[in-house]
Amino acid sequence: MELKKILSIHILYPGGVPSSYLPDVEDHEASDQESKRSGLLKKKCDKCSEYKPPRAHHCRICRRCILRMDHHCAWINNCVGHRNYKAFVTLIFYGTIAAIYSSVILVSNALHKDWNFDGVMPFKLFYIATGVVVIGLSVTLGTLLGWHIYLTIRNMTTIEYYEGKRAAWLASKSGLNYHHPYDVGAYKNISLVLGPNMLKWLCPTAMSHIKDGLSFPTSREYS
């Protein structure tokens, strides 16, 4: 029971910034102490006044900075971040499979049902209403799953996607091309999120590959 509780907390915890975290003060472009101090201030969160690692963002609902924050999810009443993103993706995957399976069973039963007897209208309405809900849920979850598969392949978060759109627009105005700095190739991106072992990709508790979330490999390192 205690192990189950520990695993549950471990999976649900999105990953907060350690109170002892301090960014690297070495700044090769800074020629004096004032410039270094200015650089450090830029790495501080305006809301909680704590230093933020790369890819960390402040959640106004949780009132703290979350490592590699994707979004705050109302479904799980928690942030989706560095430590629970894999669990969230696998939750959507299994939810989509379950919803599609339920839709197939429901529709196949409705098609083979003999409705030619008295008093069947309430039961028929039940089938129709349930079918609409389950099929709608399948489409919603399937769309959400497709979105997060796209993000995983690109090694982006939802926040970074919208930030990237603005960065790409600004870069195009200057005649430059924008490339997401944490995109290190499709397979490597997937491995960073789901793990290096393909057999464990759909196991939400297989998270030994997840690091501290304070630094991430960049495309520059792999170029």
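1. A quick definition before the pocket: on a 1 Å grid over the protein atoms alone, a pocket is an open set of points where a 1.4 Å probe fits, with protein on both sides within 12 Å along at least five of seven lines, and lining residues have an atom within 4 Å of a point. Its volume is the space filled by probe spheres set on the points, which are joined across faces, edges and corners.

2. Keep in mind that this is a predicted model: local features need pLDDT of at least 70, side-chain atom pairs count only at pLDDT 80 or more, and totals for chains, interfaces and linings use all residues. Residues are numbered from 1 along each chain as its sequence is written, and side-chain values use heavy atoms, with hydrogens and water left out.

3. The second largest pocket comes out at about 330 Å³. It has 17 lining residues, and His82, Leu192, Val193, His209 and Phe216 sit closest to its centre. Helices (DSSP runs of H or I, at least four residues, numbered from the N terminus) matter for the lining list: α3 and α6 are the elements that give two or more residues, and α6 gives the most, with 4.

4. On α6 itself, residues 186-194, the buried ones (under 20% relative accessible area, 1.4 Å probe, protein chains only) are Asn189, Ile190, Ser191, Val193 and Leu194. Right after α6 comes glycine 195, with a positive phi near 110°.

5. Back on α3, valine 107 is in that helix and counts as partly exposed (between 20% and 50%) because its relative accessibility is 36%.
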